[in-house]
Amino acid sequence: MSIYINSEDINLLILHYLRERGLNHAAFILEQESKLKDCQVPPGALINYLQKALLMEELDSHILEEVALHQGFQRCRGEFRLLHSHTCGYQTTPRSIVDNSNGFADDEDPDVVTLEGHSGKVAYISYEKSWILSGSYDGTARLWRIGLELSDWETISILPHISGSAQMFEVTAIAINRHKGIASLAKDGYVRMWGNRWELIGTLFHESEIVGLEWDPSGYHLLTFSKDSIRLWDTQGSLKQIFDHRNTEVSDVKWKGDDEFIVATSEGIFIWKIGENVARTLCNFLSVKKIRMDSEGRLLAMITDENLGFYDQDGPWWMKKSVSAFEWNPCQPLFIAGTSQGELEFWNPVKKSSGPSFKAHSSQITKISHRSDGDYFASGSEDGVVFIWSVDPPSKMRSLHFQASICDMSWSEDGTRLAISYSNKISIYSFC
Ligand SMILES: [Zn+2]
């Protein structure tokens, strides 16, 4: 194929257009000035060509239309005009999509409901008062309303994580603040902030891709971090401060009170105070991968590839231990660690002592989740089993078996239900 356009052809098209419009004087002058040799031109030729050009532009702009429609977008109704750019429904900020049809509840057992709306692995779930938020590798986060009866549930909204070129990105982390404000991180390295009606209100990004996010205790400030910087944002997505970490690689960030946060890096642990320009060094050790503050903000647990450590008023102390999942008890200085061999270990960092330790699962423990009263906790594993344990003394209360590795777990606020995500499903168990 070869395309050739010359100015004589264009002038001829205009000449015939002018004549068809009855603009004979203008046509005469154009013919004289451009010394055109008139020839046969079909009626309406100029308009036809321009229409074809607009159709081509529509095809070009909507090349991924099928994908966008499949992802729940409304069909684009934006105009294509010659002298106006097209405002495309597939490239503008997507609103959340209301969907009551998607999802399926398996209601054979009245004490369990299984939600099957996602098409990819559900990496994140959080049980809020009467709803569950889930984030999946299918590129969506979903809000599910769960009623007083387990069988009374619905999908409220789907939050798509979609780029300008209509590509979906896996949702890798979600943070909810105390005012129910949602910020979600997707594989494209962008954090999306969602408003009260679950509409997208802002998109946050760094120079390199964002790998984690964390709301402060007040719920008015969000920290996002990439490997070389940490940024502080308000609830509207306005940037407040940049904390530079070009010389160390950031791997985790956790708040310590309302105006300080702790950073785990390849060079050790640092503390930043909001408004200051230099970080304090807490300890220089191996590359620290994960950190967690206890519920009172006094003790810090630190995880490296091969070590578990705690930091208290005397400084850091370490054990050689490969930890795959961990959580502080919300009510007492008790730290529970799960290992890659399926063992559960109890630690009391105040007494600098270890408690019971035993083999619980047949493969790597992926999640430990305490009930809010601290009396019970659940452990989930790659072996597809969830155990519910009493804390004191540690005793197995219940076993739940699934077809796939356990991804995430979240207790309801009153502790009567446990939501478990595995593969693309979410099962909710009632223990009333
Ligand atoms: Zn469009």
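This passage walks through the helices, sheets, hairpins and annotated stretches of a predicted model.

A good place to start is the helical part of the chain. Helix α1, residues 7-20, packs with helix α3, residues 45-61, at an angle of about 120 degrees, and their axes lie 8 Å apart. Angles of this kind that are neither roughly parallel, roughly antiparallel nor roughly perpendicular count as oblique, and that makes α1 oblique to α3. On the α1 side the contact is made by L13, I14, H16 and Y17, while α3 contributes A45, L46 and Y49. Sorted by class, the contact of α1 with α3 has 6 nonpolar residues, 1 polar residue and no charged residues. As background, two packed helices are described by the angle between their axes and the distance between the axes. It also helps to recall that an α-helix has 3.6 residues a turn, so residues three or four places apart point the same way.

Helix α2 covers residues 24-33. Is helix α2 enclosed, or does it lie in the open? Of the 10 residues of α2, the number buried is 0, so this helix lies largely in the open. Just after α2 comes K35, which takes a positive phi of about 50 degrees.

Attention now turns to the strands, beginning with an open sheet of 4 strands in the order β2-β3-β4-β5, with antiparallel pairing. The edges of this sheet are held by β2 (122-127) and β5 (153-160); each has a single partner strand, so one side of each is left without a neighbour in the sheet. From one strand to the next, the twist averages 20 degrees. Strand β2 is joined to strand β3, residues 131-136, by 5 bridges, and the two run antiparallel. Within this pairing, I125 stands opposite S134 in β3.

One residue of strand β4 (residues 140-146) deserves a closer look, namely R145. Its surroundings hold 13 other C-beta atoms within 10 Å, and R145 is partly exposed. Leaving aside residues up to four places away in sequence, R145 touches S130, W131, W153, E154 and I156. Of these, W131 belongs to the range of β3 (residues 131-136), and W153, E154 and I156 fall within β5 (153-160). The C-alpha atom of R145 is separated by 16 Å from that of I176, a residue 31 places apart from R145 along the chain.

A second open sheet of 4 strands follows, with the order β6-β7-β8-β9 and antiparallel pairing. Which strands stand at the edges of this sheet? They are β6 (171-176) and β9 (200-204), each with a single partner strand, so one side of each is left without a neighbour in the sheet. Neighbouring strands here are turned by 20 degrees against each other on average, direction ignored. Strand β6 pairs with β7, residues 182-186, in the antiparallel sense over 5 bridges. The bridge partner of V171 in β7 is A186. In general, the side chains of a regular strand alternate between the two faces of the sheet.

Two hairpins can be described further along the chain. Strand β14 (residues 250-255) is joined by 5 bridges to strand β15 (residues 260-265), and these strands run antiparallel. D252 stands opposite A264 in β15. Between β14 and β15 there are 4 residues, and in the turn of this hairpin G257 has a positive phi of about 80 degrees.

The other hairpin is built from β30 and β31, with 5 residues between them and G415 in the turn at a positive phi of about 75 degrees. Here 5 bridges join β30 to β31 (residues 417-422), and the strands run antiparallel. I406 stands opposite Y422 in β31. How many of the 6 residues of strand β30 (residues 406-411) are buried? The number is 6 of the 6, so β30 is largely enclosed by the rest of the structure.

The database record adds some named stretches. An unreviewed UniProt entry places the feature "repeat: WD" at residues 115-146 and 358-399. Over residues 115-146 the model is 0% helix and 62% strand, with the end C-alpha atoms 11 Å apart. Over residues 358-399 the values are 0% helix and 60% strand, and the end C-alpha atoms are 16 Å apart. The unreviewed entry in UniProt also lists residues 322-406 for "domain: Vps41 beta-propeller". That stretch is 0% helix and 59% strand, and its end C-alpha atoms are 19 Å apart.

Definitions and conventions
Residues numbered from 1 in each chain as written. Predicted model: local features only at pLDDT ≥ 70, side-chain atom pairs only at ≥ 80, totals over all residues. Pairing = 2+ DSSP bridges. Axes fitted to C-alpha atoms, helices over the stretch in contact; angles between N-to-C directions. Buried ≥ 20, exposed ≤ 12 C-beta atoms within 10 Å, placed from the backbone. UniProt positions renumbered as here; feature names shortened; annotations may be inferred. Parallel < 35°, antiparallel > 145°, perpendicular 65-115°, else oblique. Contact = placed C-beta atoms within 7 Å. Nonpolar A, V, L, I, M, F, W, Y, C, P; charged D, E, K, R; others polar.
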